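Here is a short report to read alongside the model. Keep the 3D view open and find each part as it comes up.

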Amino acid sequence: MVSVVELFVQIAGDNPVMQGLVGGIVIAMLNLLGASLVLVWRNPSERALDGALGFAAGVMLAAAFTSLIIPGIEQYSGGNPIPTLVGIVLGVLFLDRADILVPHAHYLLTGNRRPDEADPSTSLPLDNERLTPVILFILAITLHNMPEGLAVGVGFGSGDVENAIPLMLAIGIQNIPEGLAVSVAAINAGLDRRFYAVFAGLRSGIVEIPLAVLGALAVSAVEPLLPYAMGFAAGAMLFVISDEIIPETHTRGYERIATLGVMAGVVVMLYLDISLG
């Protein structure tokens, strides 16, 4: 029986950049699947969404350590944690500073402002009242998805396909509830259900696929960058989990469901990592 790794190599070939491209396409299609679920699951409850987002956070949390931080230290730095840790700090700082340019995704999805919210009137020189929220929405969600595409690309760029495939599957799995949640939020804001399901898929494809290729290309061409890149992707993912996803699941009274979702996501990712890695 052909293993998952062998099947992936048969499809994508041995070139890490092509593998990154295929990996980016996979996670983008799973994002589109999640966004399109709103066509058949028209009114998911807040309880279900919080549980699903908690699951997504748990998967990303485990993947950041098992597929990025630990390999970055043990396999690609010879046990030296400094390059990977520097990458983590840079990833966090990048997301933190970039988030200043646009309102937090939390506000764009819920309408609830935070004390550290960016001010759209000073962040972007836009006067059109209808155009500004749409552009800000696209920018915020793009920023939110950047670490995911980059992480997949870096994973395949490392040349360790057995480790990269669980990472790809983990990010793809968490893209499903994430895509659904964003679609529901956009529909509640007045966007058309069919239009946004397609739009969300295109948005994820535009962002995650090129970043996956870029990540694979960068670390393939400059191998010493690999532990820094893996740390950067992990730090950015951890920032998104802590700053956006988990706080979002704790605002509507379903904290316990969200927490159980996180635990389930961690268990699933650990199983994938061991069974496929």
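## Helix 3 and helix 11

Start with helix 3 and helix 11, which spans residues 255-276. Their axes come within 6 Å and cross at roughly 40°. That angle falls outside the ranges for parallel, antiparallel and perpendicular, so helix 3 and helix 11 count as oblique. Their crossing is right-handed.

This is a predicted model. Keep that in mind for every value below.

## The whole chain

How many helices and strands does the protein chain have? The count is 11 helices and 0 strands. Read from the N terminus, the order of elements is α-α-α-α-α-α-α-α-α-α-α.

The protein chain has 277 residues, and buried residues make up 51% of them. Now take the contacts between residues at least 6 apart in sequence. Of these, 81% join residues at least 24 apart.

## Transmembrane regions in the record

An unreviewed UniProt entry lists "transmembrane region" as a feature. It places this feature at residues 20-41, 53-73, 195-219, 225-241 and 253-272.

Look at two of those stretches in the model. Residues 20-41 are 77% helix and 0% strand. The end C-alpha atoms of that stretch are 31 Å apart. Residues 225-241 are 94% helix, again with 0% strand. Here the end C-alpha atoms lie 24 Å apart.

## Two more helix pairs

Two packed helices are described by the angle between their axes and by the distance between those axes. Apply that to helix 3 (residues 46-74) and helix 10. Their axes come within 9 Å and cross at roughly 160°. An angle over 145 degrees counts as roughly antiparallel, so helix 3 is roughly antiparallel to helix 10. The crossing is left-handed.

Many residues meet at this contact. On the helix 3 side they include D50, L53, A57, M60, F65 and G72. On the helix 10 side they include P227, M230, A233, M237, I241 and E248.

Next, helix 1 and helix 2. Helix 2 covers residues 16-36. The axes of helix 1 and helix 2 come within 9 Å and cross at roughly 105°. That lies between 65 and 115 degrees, so helix 1 is roughly perpendicular to helix 2. Helix 1 makes the contact with F8, V9 and A12. Helix 2 makes it with M18, Q19, V22 and G23.

## Aromatic pairs

How many aromatic pairs does the structure hold? There are 2. F8 and F156 form a stacked pair, 4.9 Å centre to centre, with 10° between the planes. The pair links distant parts of the chain: F8 is in helix 1 (residues 4-12), and F156 is in helix 7 (residues 131-157). They are 148 residues apart. Both F8 and F156 are buried.

F94 and F232 also pair. Their ring centres are 5.7 Å apart and their planes stand at 50°, so this pair is tilted. F94 belongs to helix 4 (residues 82-101) and F232 to helix 10 (residues 226-248), so the pair ties together parts that are 138 residues apart in sequence. Are these two rings buried or exposed? F94 has 35% relative accessibility, so it counts as partly exposed. F232 has 23%, so it counts as partly exposed too.

## Two residues in loops

N43 sits in the loop between helix 2 and helix 3. Its relative accessible area is 69%, so N43 is exposed. The C-alpha atoms of N43 and V184 are separated by 7.9 Å, although the two residues are 141 residues apart along the chain.

S77 sits in the loop between helix 3 and helix 4. Its relative accessible area is 16%, so S77 is buried. Leaving out residues up to four places away in sequence, S77 touches G72, P83, T84 and P227. G72 and P227 also appear in the contact between helix 3 and helix 10.

## A residue in helix 9

Which helix holds L211? L211 is in helix 9 (residues 193-221). With a relative accessible area of 16%, L211 is buried. L211 touches M146, G149 and L150, again leaving out residues up to four places away in sequence.

V154 is 57 residues from L211 along the chain. The C-alpha atoms of L211 and V154 are separated by 9.3 Å.

Terms used. Residues are numbered from 1 along each chain as its sequence is written. This is a predicted model: local features need pLDDT of at least 70, side-chain atom pairs count only at pLDDT 80 or more; totals for chains, interfaces and linings use all residues. Side-chain values use heavy atoms; hydrogens and water are left out. UniProt positions are given in the numbering used here, feature names are shortened, and annotations may be inferred rather than shown by experiment. Helices (H or I, at least four residues) and strands (E, at least two) are DSSP runs, numbered from the N terminus. Rings of Phe, Tyr and Trp (its six-membered ring) pair if their centres lie within 6.5 Å; planes under 30 degrees apart count as stacked, over 60 as edge-to-face and the rest as tilted. Buried means under 20% relative accessible area, exposed over 50%, partly exposed in between (1.4 Å probe, protein chains only). Axes are lines fitted to C-alpha atoms, for helices over the stretch in contact, and angles run from 0 to 180 degrees between N-to-C directions. Angles under 35 degrees count as roughly parallel, over 145 as roughly antiparallel, 65 to 115 as roughly perpendicular and the rest as oblique. A crossing is left-handed if the near helix is turned anticlockwise from the far one by less than a right angle, and right-handed if clockwise. Contact means heavy atoms within 4.5 Å.
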